[in-house]
Amino acid sequence: MDADNMSDLHEEGKNAINAPMLPTGTDIHPEDTLMEENAERIMLDPTSRENLKFKDLLKVLIDWINSELEEERIIVKDLEEDCYDGQVLQKLFEKLSGRKLNVAEVTQSEIGQKQKLQTVLEAVNELLRPHGWTIEWSVDSIHSKNLVAIVYLLVALAMHFQAPIRLPEHVSVQVVVVKKREGILQTALVTKELTSTTEMMLGRFERDAFDTLLDHAPDKLNVVKTSLITFVNKHLNKLNLEVTELETQFADGVYLVLLMGLLEDYFVPLYNFFLTPESFEQKVHNVAFAFELMQDGGLKKPKARPEDVVNLNLKSTLRVLYNLFTNYKNSE
């Protein structure tokens, strides 16, 4: 038996196992019978649409797009209905990348919409592909309102541009794949992972000594923590402040801001930051402000994002503090 027949047989066997288990709410559309040979159509399984983590991911993405496009007076309510024609995706990509795309502003016709999508997706793919992204979307899938393809694209953009949002971890959905083989429609359920762990999602940036330390030498981690605590307290003690726990005590940004003032020997005016931050946004403001002070002091832009420090991501907090330690360990 040749390899092609073998793989067909394997595929048929797999489908025979999967087919009886297809969810009852899955419709095989009449147009599926008109599909060309070897064509396939992918639909979101109805039960996945009700998955709470998936709904949470949709909400986070919608809120993010709306905050990015506020000045454009664009309000997205439904990703399938609002993203398929390329208009929102064009504006979002232009805002994030700072690039203007050469596309018609308003396109009513299907051909015009697909041309716009083509231009937008070419620009997106050109940007993402060199960073190792798998392109899980196409002009046809987005124009046909395939929610999974739209979400894949938005998650990739959010992660690439380090959007100030918290993507829910481990979101997977099931999709129904309808294929036409030798005139017969075959259906299968396939699981698609839309997000992994935050660490993995942010880990597209190069690994460094801290990754190695946390992965392979956790016993040495305490030595590093002790050195960092001694270092920050040497300076914070001047204001009668003391740190005992690195994980949580820098999360609101207050100590980071005060520490920068002490290290650089200036007083930070209280109107520049929130001394008693209450919301997530106020804490992010403080950490971001501390990062600005670090760059003003000649340090490189921290690899961490302010949101990660606020979210108690230990590795991010350690990276920021270690950066200060290596630069200021000899200052009095």
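Select E110, K114 and D140 to begin: in this predicted model, these three residues are linked in a network of salt bridges. The network belongs to a structure that holds 12 salt bridges in total.

**Further charged pairs**

Move next to helix 3, residues 52-68, and display the side chains of K59 and D63. They meet in a salt bridge with an N to O distance of 2.7 Å. K59 and D63 are 4 residues apart in this helix, and are therefore separated by about one helical turn. D63 has a relative accessible area of 41%, so this residue is partly exposed.

Select K55 together with E50. These two residues form a salt bridge in which the closest N and O atoms are 3.1 Å apart. K55 is partly exposed, at 39% relative accessibility.

Now select R305 and D308. Here the closest N and O atoms of the salt bridge lie 3.2 Å apart. Are the two partners buried or exposed? D308 counts as buried because its relative accessibility is 2%, and R305 counts as buried at 7%.

One further charged group is worth displaying, this time with an aromatic partner. Select K145 and Y84: the charged end of K145 sits over the ring of Y84, 4.5 Å from the ring centre.

**Aromatic pairs**

The structure holds 3 aromatic pairs. Select F231 and F325, whose ring centres are 5.5 Å apart and whose planes stand at 80°, so the pair is edge-to-face. F231 belongs to helix 11 (residues 218-236) and F325 to helix 16, so the pair ties together parts that are 94 residues apart in sequence. F231 counts as buried, with 4% relative accessibility. Add Y322 to the selection: ring pairs link F231, Y322 and F325 into a cluster.

Continue to F250 and Y255. Their ring centres are 6.3 Å apart and their planes are at 80°, so this pair is edge-to-face. F250 counts as buried at 1% relative accessibility, and Y255 counts as buried at 17%.

**Helix 14 and its surroundings**

Select residues 280-296, which make up helix 14. The helix has 17 residues and reaches 24 Å from its first C-alpha to its last, close to the 24 Å expected at 1.5 Å a residue. Which of its residues are buried? They are V284, N286, V287, F289, A290, F291, L293 and M294.

To see what covers these residues, show helix 13 (254-264), helix 15 (306-310) and helix 16 (314-328), which are included in the cover over the buried residues of helix 14. Then step just past the end of helix 14 to G298, which takes a positive phi of about 95°.

**Colouring by confidence**

Finally, colour the chain by pLDDT. The mean over the chain is 82, and 82% of its residues reach 70 or more. Where in the chain is confidence lowest, and where is it highest? The lowest confidence is in helix 1 (residues 3-18), with a mean of 48, and the highest is in helix 13, at 95.

Two segments deserve separate selection. Over residues 12-26, pLDDT stays under 50, and the model has 20 contacts beyond four places in sequence for this segment. Over residues 203-207, pLDDT likewise stays under 50, with 10 contacts beyond four places in sequence.

How values were computed. Residues numbered from 1 in each chain as written. Heavy atoms only, no water. Helix = DSSP H or I, 4+ residues; strand = E, 2+ residues; numbered from the N terminus. Expected span 1.5 Å × (residues − 1). Buried < 20%, exposed > 50% of the residue type's maximum accessible area, 1.4 Å probe, protein only. Contact = heavy atoms within 4.5 Å. Phe/Tyr/Trp six-rings, centres within 6.5 Å; stacked < 30°, edge-to-face > 60°. Lys NZ or Arg CZ within 6 Å of the ring centre and 35° of its normal. Salt bridge = Lys/Arg side-chain N within 4 Å of Asp/Glu carboxyl O. pLDDT = per-residue confidence, 0-100.
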